[in-house]
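Open the structure in your viewer and keep the selection tool at hand. The tour goes from stop to stop, saying what to select and what is there.

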There are 4 protein chains.
Amino acid sequence: MPTKKKPQVTAAPARRRELLDTAAEVFAEQGYNATTVRKIADHAGMLAGSLYYHFDSKESMLEEILRTFLDELWAGYDTVLAAESGPRETLEALVTESFREIDRHRAAVAIYQKESKQLVAQERFGFLVESQRRFEKAWLSTLERGVAAQVFRADLDMRLTYRFVRDTVWVAASWYRPGGQHSPEEIARQYLSMVLDGIAVREQPQ
Amino acid sequence: MPTKKKPQVTAAPARRRELLDTAAEVFAEQGYNATTVRKIADHAGMLAGSLYYHFDSKESMLEEILRTFLDELWAGYDTVLAAESGPRETLEALVTESFREIDRHRAAVAIYQKESKQLVAQERFGFLVESQRRFEKAWLSTLERGVAAQVFRADLDMRLTYRFVRDTVWVAASWYRPGGQHSPEEIARQYLSMVLDGIAVREQPQ
Amino acid sequence: MPTKKKPQVTAAPARRRELLDTAAEVFAEQGYNATTVRKIADHAGMLAGSLYYHFDSKESMLEEILRTFLDELWAGYDTVLAAESGPRETLEALVTESFREIDRHRAAVAIYQKESKQLVAQERFGFLVESQRRFEKAWLSTLERGVAAQVFRADLDMRLTYRFVRDTVWVAASWYRPGGQHSPEEIARQYLSMVLDGIAVREQPQ
Amino acid sequence: MPTKKKPQVTAAPARRRELLDTAAEVFAEQGYNATTVRKIADHAGMLAGSLYYHFDSKESMLEEILRTFLDELWAGYDTVLAAESGPRETLEALVTESFREIDRHRAAVAIYQKESKQLVAQERFGFLVESQRRFEKAWLSTLERGVAAQVFRADLDMRLTYRFVRDTVWVAASWYRPGGQHSPEEIARQYLSMVLDGIAVREQPQ
DNA sequence: AATGAATGAGACTTCATTCAT
DNA sequence: GATGAATGAAGTCTCATTCAT
């Protein structure tokens, strides 16, 4: 007598994942609001109503997409932070990890970038606020450690620098295409080179 | 002769401007799709239908907001480019001008950032494509002149650098609040310092 | 020979009965329209689609519930009427029998009360009209016999009296709970006492 | 700058009332759940979406119908109760007032009868519970006063009597048609005669 | 210039029902 | 006997837009 009401959480994770990937792609391409469930269903080869066998609502699809992404992101970040390397190495590892996540979850990252500002107002998406707090703390403390250790410049406004680095990395999701000519690691290397050393030619010592 | 059906272009340009500013604010805050004409009207203290005395459609409001912004942006950029300064000075002037535009047209910039990707597909917004092309040319050629003149590093992927600089600047519109503690010029100076020289401490030559 | 497509009528009548009882309970509680087959299936510990192995449709469940109830009701009424007792005894027997049916088929009675007005318009539920006709005839003729025999008052509008008695009895299904403190027979006795003698105290003849 | 958002409460009460009357008629005839907003709109000669200019939702229409009815009902009952007549006169006045309300708000009463059991579970319809409590108190205390004053029989279960009287009166809304051959007052008189004195012929004193 | 009322298209969602397994 | 997945019709509601006043 297993009065199961919602197959949403337990059953057939494979189909769910497929559908969520499809939905994420469409959300990223057209924007969440402009995406109709009919479009998602079309891409999945089914009728709009059929999606509701798998999900409670359009919004719950969005939520699951973002949660899944953030869970993976934090698994990666936590590994980096647990290593307790020096500030420069930590920064490099965070940037590299970020580009890897963009590579793996491009759609989710793009959605996050575009929609999170609106979503945080809703209780259901409170987990975004939580994540943002942890995110800021991880980056800001790394930068601060770097200033203290005299590997990062002390003459810059720390919050400005934080936003600079943060945006620089994540905005890449808007143009990045997986399978392009640069691997995530390669892009990370170039970004780091710019962020750390600047784009101006250094006056040669001597 | 003056019996026009559509007073949209002629009558009371001051009121139009007010309404467009209101609309831009709401578009920026809530997203174009999520903004109903009712919300705009609420903010303007009138009923939704009344807006149609002033504008043809919600879309035409969006178009006018973006056109006005781009017109001003290009007036500024063209002045900078016409000066034909050296590449580093040009870069600095472009960045500074950009932050000034963000200061003056924060809402329009935010809308542009968020919506342009979708809009360019529509013929009506073809002017965005045109602007993007000019934009890319202005920045890329400045960077290339800098590499040729050996003031910018030659070991970086030029397109990656372009995107880096472009995003670095414009993404600021998402968090910038006019009247904050930093003036646009001050923000520009710090950004330029990071972009040009990096955030890492330079090893002192001997 | 026994290769039937629709086992609906033959197979496992016990299970059918169980499921119909479950369905009747839910229909009575939530209303026919507001009851989804999913809810019925939940209560029965199965999935919605599985019900269609046992029944053709939600409507056919409703039909069978009502038919079963009316069949039993008429078996009881016919026994009473066949006894050809005096009008007062017949009235008492009909009321008592009615409360017994409410006791046994509370859910079906509640459904009947609430939905029959809508259902009679459908051909499939024509049997309800037929039953109502017989019902009215049985009660009305008993009342008329009582008036003729001078055991019921002659100064009342007969149809009004009919509705009064009818409603008085059947509306009880909306609040009656089997297993309560009063047996059906006890409730019948009190109702009859009120209906026959009124609730006012009689002035004692001298 | 009156940023009015909901014309629902203030403007044009006449049209609202018309539409609510139409809706009540359809709800009463077909049941709330089975009534589509399209049907209401059809009856009102407009499109389904247009109803939403006047009302927030189908449910809010139902709420307003029931509230309006109960407000009027209580205005009448309160007048009766304030008179502080003897129990028999009070009972007669309550019954008469009830039939007058049925005459004036037939549709609302029918809706109330059919739907209230489901509705009370929703917070929005909490006022129904409140009304039921007052209702029961008014009737029950009248009956109890009557028993104490020896004008009503003492040998009956008081709650059973309450339900009997209550249902007897209100169920009439299911068959009552205004403009029929009996006025509300005439129906009340006959009902009272049955309820108070019963339908059986009294044995003549002497 | 603005209001009040309505239109009509389209959105999200529900649900009875089907059917291969 | 039952499940899991899907269909397709219909329902409630939203919203840009129109227009007489």
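Select α4 (51-54) of chain A and α3 (51-54) of chain C: each of these helices supplies at least two residues of the surface near DNA strand F. Helices here are DSSP runs of H or I with at least four residues, and strands are runs of E with at least two, numbered from the N terminus. A residue is near a molecule or strand if one of its heavy atoms lies within 4 Å of it. This is a predicted model, in which local features need pLDDT of at least 70 and side-chain atom pairs count only at pLDDT 80 or more, while totals for chains, interfaces and linings use all residues. Residues are numbered from 1 along each chain as its sequence is written, chains are lettered from A and ligands numbered from 1 in the order in which they are written, and side-chain values use heavy atoms, with hydrogens and water left out.

Stay with DNA strand F. Of the 30 residues around DNA strand F, the nearest are A:S50, A:H54, B:Y52, C:S50 and D:Y52. By class, the surface has 12 nonpolar, 13 polar and five charged residues. Ala, Val, Leu, Ile, Met, Phe, Trp, Tyr, Cys and Pro count as nonpolar, Asp, Glu, Lys and Arg as charged, and the others, Gly among them, as polar.

Which part of DNA strand F supplies the atoms within 4 Å of the protein? Sugar or phosphate accounts for 74% of them, and bases for the rest. Now show the side chain of A:S50, where an N or O atom is 2.7 Å from a phosphate oxygen of DNA strand F. In the side chain of A:R15, an N or O atom is 3.1 Å from a phosphate oxygen of this strand. For B:T35, show the backbone instead: one of its N or O atoms lies 3.4 Å from a phosphate oxygen of DNA strand F. A polar contact is a pair of N or O atoms within 3.5 Å.

Next, select DNA strand E. It is surrounded by 30 residues, and A:Y52, B:S50, C:Y52, D:S50 and D:H54 are the closest. Of the atoms of DNA strand E within 4 Å of the protein, 76% belong to sugar or phosphate. The side chain of C:Y52 has an N or O atom 2.6 Å from a phosphate oxygen of this strand. At B:L47, a polar backbone atom is 2.9 Å from a phosphate oxygen of DNA strand E. α3 (51-54) of chain B and α4 (51-54) of chain D are the elements that give two or more residues to the surface near DNA strand E.

Hide the DNA and show chains A and B. Chain B can be laid on chain A with an RMSD of 0.1 Å by a turn of 180 degrees and a shift of 0.0 Å along the axis, which is the relation of a two-fold axis. The copies are superposed by least squares on the C-alpha atoms of residues with pLDDT of at least 70 in both. To find the axis, select B:G198, the residue of chain B that comes closest to it, at 1.8 Å (C-alpha).

Now look at chains B and C. No contact (heavy atoms within 4.5 Å) joins them, and their closest C-alpha atoms lie 33 Å apart. Chain A and chain D do not touch either, with their nearest C-alpha atoms 20 Å apart.

How values were computed. A polar contact is a pair of N or O atoms within 3.5 Å; within protein, one must be able to donate a hydrogen and the other to accept it, and residues adjacent in sequence count only if both atoms are side-chain atoms.
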